[in-house]
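Welcome! Please take a moment to look over the sequence and the model, and then we will walk through them together.

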Amino acid sequence: MTTAIIDNETRYAIPDYDIDFFIAIANKMGWKKVKSSFAKKESWVDQFAGKWQDNRSTDEIIADIHNARTSNDEISL
């Protein structure tokens, strides 16, 4: 992730997949880049970003989640 620091020192973490979008917005707004470093930092999370694949529809996924739920009264400790 890249961190953008706005004039008042507010910091925003920008995921790597949004950097081009953020730069385009910054250019339109006339913001100046003071320092940029876009070295790719690898993380175990990166291998999963944007990779969700499922042939089910949204309604089917939601139904599966609801069907997997159990009532608290069924659990005995």
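Where is W31 found? The tryptophan W31 sits in the loop between α1 (19-29) and α2 (58-68). Keep in mind as you look around that this is a predicted model.

To place that loop, it helps to step back to the whole fold. The protein has two helices and two strands, and reading from the N terminus on, their order is β-β-α-α. The protein counts 77 residues, and buried residues make up 8% of them. As for the outside, about 7,600 Å² is exposed, with carbon and sulfur atoms supplying 53% of that area.

Now let us return to the tryptophan. Is W31 buried, partly exposed or exposed? Its relative accessible area is 41%. Buried would mean under 20% and exposed over 50%, so W31 counts as partly exposed. W31 also has company at the surface: together with F21, I25 and M29, W31 makes a nonpolar patch of about 430 Å².

Next, turn to another loop, the one between β1 (2-5) and β2 (11-14), where you will find I6. With a relative accessible area of 29%, I6 is partly exposed too.

How far apart are I6 and W31 in sequence and in space? Along the chain, 25 residues separate I6 and W31. In space, the distance from C-alpha to C-alpha is 9.2 Å. Try finding both residues in the model: I6 in the loop between the strands β1 and β2, and W31 in the loop between the helices α1 and α2.

Definitions and conventions: Residues are numbered from 1 along each chain as its sequence is written. This is a predicted model: local features need pLDDT of at least 70, side-chain atom pairs count only at pLDDT 80 or more; totals for chains, interfaces and linings use all residues. Side-chain values use heavy atoms; hydrogens and water are left out. Patches are made of residues with over 30% relative accessible area and no salt bridge: like charges are joined within 9 Å, nonpolar side chains (Val, Leu, Ile, Met, Phe, Trp, Tyr) within 5 Å. Accessible areas come from the Shrake-Rupley method with a 1.4 Å probe; for residues, only the protein chains shown count as cover. A salt bridge is a side-chain nitrogen of Lys or Arg within 4 Å of a carboxyl oxygen of Asp or Glu. Helices (H or I, at least four residues) and strands (E, at least two) are DSSP runs, numbered from the N terminus. Buried means under 20% relative accessible area, exposed over 50%, partly exposed in between (1.4 Å probe, protein chains only).
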